2 protein chains.
Amino acid sequence: MTTLVGNVLIAQGGGPTAVINQSLVGIILEARKNTEIEKIYGAKYGIKGVLNEDLLDLTEISVDNLELVACTPSSALGSVRDRPDEEYCKKMFEVMKKHNIIYFFLIGGNDGATVCNILNEEAKKQNYELHILHVPKTIDNDLAITDHTPGFGSAAKFIASAFRGVNFDNASLPGVYIGVVMGRHAGFLTASSILGKKEESDGPHLIYTPERDFEIHHFVKDVKNVYEKYGRCIVAVSEGITDADGVPIAAKLAKQIEHDAHGNVQLSGCGFLGDLLADTIKNSTNISRVRVDTFGYLQRSFAGCVSETDAKEAREVGMQAVMFAMSGDVDGSVSIKRVSDYEVEYELVHLSEVAGKTKIMPDEFFISNNMVSEKFIEYVKPLVGELPEVAKLKAAEVSKIK
Amino acid sequence: MTTLVGNVLIAQGGGPTAVINQSLVGIILEARKNTEIEKIYGAKYGIKGVLNEDLLDLTEISVDNLELVACTPSSALGSVRDRPDEEYCKKMFEVMKKHNIIYFFLIGGNDGATVCNILNEEAKKQNYELHILHVPKTIDNDLAITDHTPGFGSAAKFIASAFRGVNFDNASLPGVYIGVVMGRHAGFLTASSILGKKEESDGPHLIYTPERDFEIHHFVKDVKNVYEKYGRCIVAVSEGITDADGVPIAAKLAKQIEHDAHGNVQLSGCGFLGDLLADTIKNSTNISRVRVDTFGYLQRSFAGCVSETDAKEAREVGMQAVMFAMSGDVDGSVSIKRVSDYEVEYELVHLSEVAGKTKIMPDEFFISNNMVSEKFIEYVKPLVGELPEVAKLKAAEVSKIK
C-alpha cells in the first residue's frame with residue numbers, strides 16, 4: 001500500500017475549548033514525522049479561511065512555540081460556525097487543490113463532523129482524492145460513539161471547581177444559589193458539578209439537565225425541601241432545560257413575566273434564565289437570599305483550569321488522526337474507546353456515524369429528575385482528575401453557660 | 001507590662017474570600033503559642049454567633065484539619081452582615097464575659113472594621129477590658145490605610161486568568177466581549193483584568209471602574225473604535241459604574257428599556273448590567289456578535305485559584321493580630337505596608353482610621369476614563385503572582401496562488 005505525497009491542511013471549528021490546541025499541536029508534530037507530507041498548513045478562522053485562501057504555514061514553527069500554544073485555551077487558528085453547501089465546497093476544493101492538499105484535518109464537534117461529511121461526499125463526487133479526518137472536540141461531550149470528547153474534561157473540572165467553591169461560599173452566607181451551566185441538549189457538563197460535592201450536606205443538592213423534563217412547580221418544591229433540610233440549597237442547571245413539550249424554560253418564564261408586566265422582555269441576555277429562575281424562587285417561597293451565576297465563557301476558556309487527562313487525550317486524538325490518515329485510503333472521525341478504569345484506545349469511525357448526531361446522557365446516569373447517579377460519577381471522575389482539596393472545621397460546639 | 005489571662009474569640013464577617021481561612025488559621029496557631037490564652041473559640045456566622053452564644057471550640061483542632069481548612073475558600077466559621085447597635089453589643093458582651101473572652105478577633109472588611117469600632121466604643125463605656133483586633137480581608141481592596149487587603153490578590157488572579165482566557169476565546173470567534181466584575185465603589189478588581197493582557201492587541205481593550213464617570217455614548221464610541229482597529233473588543237467593567245451624577249448605569253439603562261417597552265424591568269438579577277450593556281452595543285452599532293459574562297460568586301470562591309502571596313499574607317495578618325494583641329493594652333486594625341518591591345511589614349492602626357472609610361483607586365492608576373496606568377500594573381502584579389503562560393502561533397501567512 002502506497003501513501004500519497006502532498007500537503008496537510010488543518011482547521012478548527014465551532015466553540016473553542018481549553019485543550020483544542022493540544023490536538024492542533026498533536027497533528028502538526030505527528031505530521032512532521034512523515035516524509036510523505038511536505039507542507040503543513042493551517043486555515044485561519046476554520047473552513048472560511050480555506051474558502052478565502054487565508055492559510056498559515058505551520059511546517060516549521062518551533063516546538064517551543066507549539067508547546068506554549070498547546071497550553072493556551074481557545075482555537076489558535078481561529079474558528080467559524082459556517083456550514084458549507086455544494087458551492088462552498090467547490091470553492092474550498094479549488095483552494096485546496098492549488099495548494100496540493102491531500103489530508104484535511106478538522107478539529108471540531110458535531111457541526112465539524114457534519115462539515116467533514118459534506119466535504120467528503122462532495123470530494124467523492126468531484127473525484128478529488130482528499131482524505132478527511134475529523135478530530136473530536138467539544139465541552140458539551142455530546143458526540144456520538146466516542147466515550148467522551150476532548151475539551152469536556154477540562155470544562156467539567158472548571159464546573160466542579162466552581163461548585164466546590166460556591167458550596168463553601170453559600171455555607172458561610174446561607175441561601176439559595178443557582179449556577180447556570182452551558183449545554184443546550186446534553187447535560188454532561190452540568191452533571192459534572194456533582195464532583196464538587198464531598199459530603200452529603202454539600203451542594204450541588206439539585207441538578208437539572210436537558211435530558212429530563214423541567215417542571216417549574218417541581219423545581220420550587222425541590223428547592224423548598226432542600227432548604228428546609230439544610231438551611232440552604234445549591235442548584236446546577238443547564239441553559240437548555242425544557243418542559244415536557246420541549247419548550248425552553250427561559251422562554252416559558254419570560255412569557256409569564258411579559259404577561260405580568262405587559263412589557264417586552266428580551267431573551268437574548270445570557271444571564272436571563274438564571275435571573276428568571278431566581279425570581280421564581282423569590283416569588284414562590286419566603287427565602288430571601290437567592291443568588292445566581294451564569295458561568296458563561298469562563299467555563300470553556302479559563303486560563304489555568306485544565307484536566308491532565310483531557311490535555312493528554314486531546315494531544316493523542318490529533319496524533320492518532322495523522323496515524324490513521326497515513327495508514328491508507330481512509331476518512332473518518334477519531335473516536336475514544338474506554339477499555340478499562342482508566343485506559344483508552346482510539347478508533348476511526350465513519351464520518352456519517354458522527355455527523356449530525358447528538359449524544360445525550362443515558363438513563364443510567366440519573367437517579368431522579370434532579371440528581372445524577374453513582375454510575376455517572378464513575379464515568380466522569382477519571383476525565384476530570386484531582387480537584388483542589390477542601391475541608392470543614394472539625395470543631396466541637398461550646399456548651400452554653402446559664 | 002503584664003498581659004491578661006483569658007480566652008480568645010474569633011469571628012468572620014462580610015463576603016468570603018479565597019484566603020480568609022488562612023487568617024483564621026493564622027490566629028489560631030499563633031494564639032496557641034501563648035500560655036496566657038486558655039481557650040480559643042470561634043463564633044458561628046459572625047457576630048450573630050456571639051449574640052446567640054453559638055460558639056465552637058477551636059483550641060485543640062488538629063493542625064492537619066486546620067491546614068486543609070486554610071486552603072478552603074470562604075469563611076469556615078460562617079459569616080453575617082449584621083451591624084450591631086448598643087443593645088446588640090450589650091448582649092454580645094454578656095456572652096463574651098460569661099466565656100471570659102479578653103481578645104476578640106474579627107476578620108472582616110470595611111463593615112467589619114466598623115463593627116470593631118462600635119464594639120470598642122461600647123466596651124469602653126461599659127468598662128469591659130476587651131481587646132479588639134480587626135483582621136483585614138476583602139476582595140474589593142477598598143480598605144483605608146493598608147496597601148492592599150488579603151483576599152484581593154486571589155480574586156484579582158481569578159479576574160486576570162479569566163480575561164487571559166476570554167481574550168483568546170474572543171480572538172478565535174471575534175466580536176465584542178463584556179466581562180462584569182464585582183466592585184461597587186472601587187475598581188481595583190476590574191482593573192486587575194489588565195494582567196491578562198500580554199500584547200498590545202490583546203484584551204481587555206477597555207476598562208471601566210466606578211472611580212470614573214461612565215457615559216453611555218462614550219462607551220459605544222470606545223467600543224466602535226477598538227472594533228475598527230482590531231476587529232474585536234474586550235471590555236472589563238465594574239458592577240458599580242455610575243454616570244457623572246452618581247446614578248448607577250444599570251438603573252439608567254433599565255429606565256430607557258422600561259420607557260421603550262412600558263414594561264416592568266427588575267434590577268435585581270445579577271446578569272442585568274451586562275445584558276443591558278450588550279444590548280446597547282447591539283442597538284447602537286452594526287456589530288452582531290456581542291457576548292457578556294457576569295463573573296459573580298466564582299471570582300471570590302473558585303476552588304483552586306489562589307495567589308501565593310495573598311495566601312501567605314492572609315496567614316500573616318492573622319498571626320500579627322495575635323502578636324499585636326499580646327504586646328499590651330491595644331485595639332486596632334492590622335494594616336499592610338509595602339516597604340519595597342516586593343516586601344511588606346505589618347502595622348497596627350486605630351480602628352477609627354479604617355472603620356466606615358472606603359479607599360478607591362487613586363488618579364495615578366488611570367491614564368484615561370477607560371484604561372489603567374503602568375503604575376497600577378506595578379502595584380498589582382506582585383499581589384497576583386504568576387499567571388498561566390499562553391502564546392499565539394508564530395506562523396507565516398501562505399502566499400495566495402493565482
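A cavity here is a set of grid points where a 1.4 Å probe fits but cannot get out, and its lining residues have an atom within 4 Å of a point. With that in hand, let's work through this predicted model.

**Exercise 1. The largest cavity**

Task: Find which residues line the largest cavity, and work out which element gives the largest share of that lining.

Solution:
- Start with the count: there are eight cavities of 30 Å³ or more.
- The largest cavity holds about 120 Å³ of space.
- Its lining is made up of Gln12(B), Gly13(B), Gly14(B), Gly46(B), Ile47(B), Val80(B), Arg81(B), Asp82(B), Leu106(B), Asp111(B), Gly112(B) and Val115(B).
- Sorted by character, the lining residues of the largest cavity are four nonpolar, five polar and three charged.
- The largest share, three residues, belongs to α5(B).

**Exercise 2. Helix α5(B)**

Task: Check whether the end-to-end distance of α5(B) agrees or disagrees with the expected span, then list its buried residues.

Solution:
- At 1.5 Å a residue, the 16 residues of α5(B) should span 22 Å. The end C-alpha atoms of α5(B) lie 23 Å apart, so the two values agree.
- Next, apply the cut-off: buried means under 20% relative accessible area. In α5(B) this gives Asn110(B), Gly112(B), Ala113(B), Thr114(B), Val115(B), Cys116(B), Asn117(B), Leu119(B), Asn120(B), Glu122(B) and Ala123(B).
- Now ask what covers them. The cover includes α2 (47-51), α4 (86-98), β4 (101-108), β5 (131-136) and α13 (351-354) of chain B.
- Finally, look just past the helix: Asn127(B) has a positive phi of about 55 degrees.

**Exercise 3. The second largest pocket**

Task: Describe the second largest pocket by its space, its lining and the elements that contribute to that lining.

Solution:
- The second largest pocket contains about 1200 Å³ of space.
- Its lining has 50 residues, and those nearest the centre are Met182(B), Gly183(B), Arg184(B), Glu239(B) and Tyr297(B).
- Two or more lining residues come from each of these elements: α10 (272-284) and β9 (290-294) in chain A, and α5 (110-125), β6 (176-181), α10 (272-284) and α11 (298-301) in chain B.
- By character, the lining of this pocket splits into 17 nonpolar, 19 polar and 14 charged residues.

**Exercise 4. Salt bridges**

Task: Among the 34 salt bridges of the structure, look at three pairs and say where their partners sit and whether they are buried or exposed.

Solution:
- Take Asp363(A) and Arg212(A), whose side chains form a salt bridge at 3.5 Å, N to O. Asp363(A) is in the loop between α13 (351-354) and β12 (366-368), and Arg212(A) in the loop between β7 (206-208) and α8 (216-230), so this pair ties together parts of chain A 151 residues apart in sequence. Asp363(A) counts as exposed because its relative accessibility is 56%, whereas Arg212(A), at 19%, counts as buried.
- Move to Asp169(B) and Arg300(A), which meet at 2.7 Å, N to O. This pair crosses between chains, from helix α6 (residues 152-172) of chain B to helix α11 (residues 298-301) of chain A. Both partners are buried.
- End with Arg338(B) and Asp147(B), a salt bridge at 3.0 Å, N to O. Arg338(B) is in strand β10 (residues 332-340) and Asp147(B) in the loop between β5 and α6 of chain B, 191 residues apart. Arg338(B) is partly exposed at 23%, while Asp147(B) is buried at 18%.

Technical notes: Residues numbered from 1 in each chain as written. Chains lettered and ligands numbered in written order. Predicted model: local features only at pLDDT ≥ 70, side-chain atom pairs only at ≥ 80, totals over all residues. Heavy atoms only, no water. 1 Å grid on protein atoms, 1.4 Å probe; cavity = no way out; pocket = protein on both sides within 12 Å on 5 of 7 lines; lining within 4 Å. Points joined across faces, edges and corners; volume = space filled by probe spheres on them. Helix = DSSP H or I, 4+ residues; strand = E, 2+ residues; numbered from the N terminus. Nonpolar A, V, L, I, M, F, W, Y, C, P; charged D, E, K, R; others polar. Expected span 1.5 Å × (residues − 1). Buried < 20%, exposed > 50% of the residue type's maximum accessible area, 1.4 Å probe, protein only. Contact = heavy atoms within 4.5 Å. Salt bridge = Lys/Arg side-chain N within 4 Å of Asp/Glu carboxyl O.
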